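Let's walk through a protein model together, starting with a pair of rings and working outwards. Keep the structure open while you read.

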Amino acid sequence: RTELGVDRPLPVQYLLYLKRLVRGDLGRSLFTNRTVAADLLQKFPNTLKLAVAAVLFASVCGIALGVLSAVRRGTVWDRVAAFISIGGISLPVFWLGLTLMLVFALHFRWLPPSGMGESAAYLVLPAITLGTYSMAYIARITRTSMMESLSQPYIVTARAKGLSEPVVVLKHALKNSLIPIVTLIGLDLGSYLNGAVLTETIFGWDGLGRFALDGIMKRDYPVIMGVVLFGAVVFVTMNLLVDISYHYLDPRVRVRAER
């Protein structure tokens, strides 16, 4: 009790915690006696690798599905994209992860079932599992935003100039639809950087999510507090970067800012 400082009044404990926090000291684990900051710095690169892979998968597939659905509105392609999106939103992460593991790792033996390794193959299943939910939402947001852009007068003007349909869709419509898409991608990336507890636990990925779960199961309070505080800083930072990106994505934002 004396070593941890819990024998002192609560206001004193809080002030001492803030004092250590200013120095970057998040305390020590009650079980391993390692500093929480050192463990966070060790495990964050693993979570970063998984988060970036998941966001890349979700962004590429989600935007492609959304553009296809908007351009082919009312066709069979639109219905297929809607089915994939609804499925991606509805499937529980733990069920999807175990199913992918069963099919691609145990049945076909194409990919490793779990763990971490130097090969990029270890990233495929956890990245798909983690990114599927975001992919579905990105597809729906992209479709809605694209349909709004495709109905604008500048699209009619671009087609009247004789521009090819890919140029109209990608350069004019998609470019002007990026604000809500980038917002969603940035929020998802910030969430993933806090640690994907279910995905990291299912696939044995040594990241922040699994680290936080171990701390919760052991009631390792310094670890829990450190992960939550670190995650809050990361999430706020990602939101700030997303807001800054608006300045470069949309000229209208720059004009309003100059005014």
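Start at Y133, which is partly exposed with a relative accessible area of 40%. That label has fixed cut-offs: buried means under 20% relative accessible area, exposed over 50%, and partly exposed in between (1.4 Å probe, protein chains only). Y137 also counts as partly exposed, at 35% relative accessibility. Y133 and Y137 are 4 residues apart in helix α5, so about one helical turn separates them.

A quick word on what you're looking at. This is a predicted model, where local features need pLDDT of at least 70 and side-chain atom pairs count only at pLDDT 80 or more, while totals for chains, interfaces and linings use all residues. Residues are numbered from 1 along each chain as its sequence is written, and side-chain values use heavy atoms, with hydrogens and water left out.

**Ring pairs**

A pair of aromatic rings is described by the distance of the centres and the angle of the planes. Rings of Phe, Tyr and Trp (its six-membered ring) pair if their centres lie within 6.5 Å; planes under 30 degrees apart count as stacked, over 60 as edge-to-face and the rest as tilted. The structure holds 5 aromatic pairs, including these two:

| Pair | Centre to centre | Angle between planes | Kind |
|---|---|---|---|
| F44 and F230 | 5.2 Å | 80 degrees | edge-to-face |
| Y133 and Y137 | 5.2 Å | 65 degrees | edge-to-face |

What does the pair of F44 and F230 tie together? F44 lies in helix α2 and F230 in helix α11, so the pair links parts that are 186 residues apart in sequence. F230 counts as partly exposed, at 23% relative accessibility. Elsewhere, ring pairs join F104, F108 and W110 into a cluster.

**The whole chain**

Now zoom out. The protein chain has 12 helices and 0 strands; both are DSSP runs numbered from the N terminus, with helices being H or I of at least four residues and strands E of at least two. The C-alpha atoms fill a box of roughly 80 × 60 × 30 Å, taken along the principal axes. Of the 259 residues in the chain, 37% are buried.

Contact here means heavy atoms within 4.5 Å. Take the contacts with a separation of 6 or more: 71% of them are between residues 24 or more positions apart.

**Inside the core**

A nonpolar core is a set of buried Ala, Val, Leu, Ile, Met, Phe, Trp, Tyr and Cys residues joined through side-chain atoms within 4.5 Å. The largest one has 43 residues, and L40, M146 and L193 have the most contacts inside it. The elements giving two or more residues to this core are α2 (36-71), α5, α6 (153-160), α7 (165-174), α8 (178-193), α10 (208-218) and α11 (221-249). Which element gives the largest share of this core? That's α2, with 12 residues.

L40 is worth clicking on: leaving aside neighbours within four places in sequence, L40 is in contact with L26, L208, F211, G226, V227 and F230. There's also a second, separate core of 7 residues, which includes L96, M101, L111 and L125.

**Two buried residues**

Find D39 in helix α2. D39 is buried, with a relative accessible area of 5%. Not counting neighbours within four places in sequence, D39 is in contact with T32, R34 and F211.

Then hop over to T142 in helix α5 (residues 121-150). Is T142 buried or exposed? With a relative accessible area of 0%, T142 is buried. Residues up to four places away in sequence aside, T142 touches G62, I63, G66, V67 and I181.

**Two loop residues**

G204 sits in the loop between α9 (197-202) and α10, and counts as partly exposed at 24% relative accessibility. G204 and M116 are 88 residues apart in sequence, yet their C-alpha atoms are 7.4 Å apart in space. Beyond four places in sequence, G204 is in contact with G115, M116 and R210.

L163 is in the loop between α6 and α7, and is partly exposed at 34% relative accessibility. How far apart are the C-alpha atoms of L163 and W95? They are separated by 46 Å, with their positions 68 residues apart along the chain. Leaving aside neighbours within four places in sequence, L163 is in contact with A158, V168 and H172.
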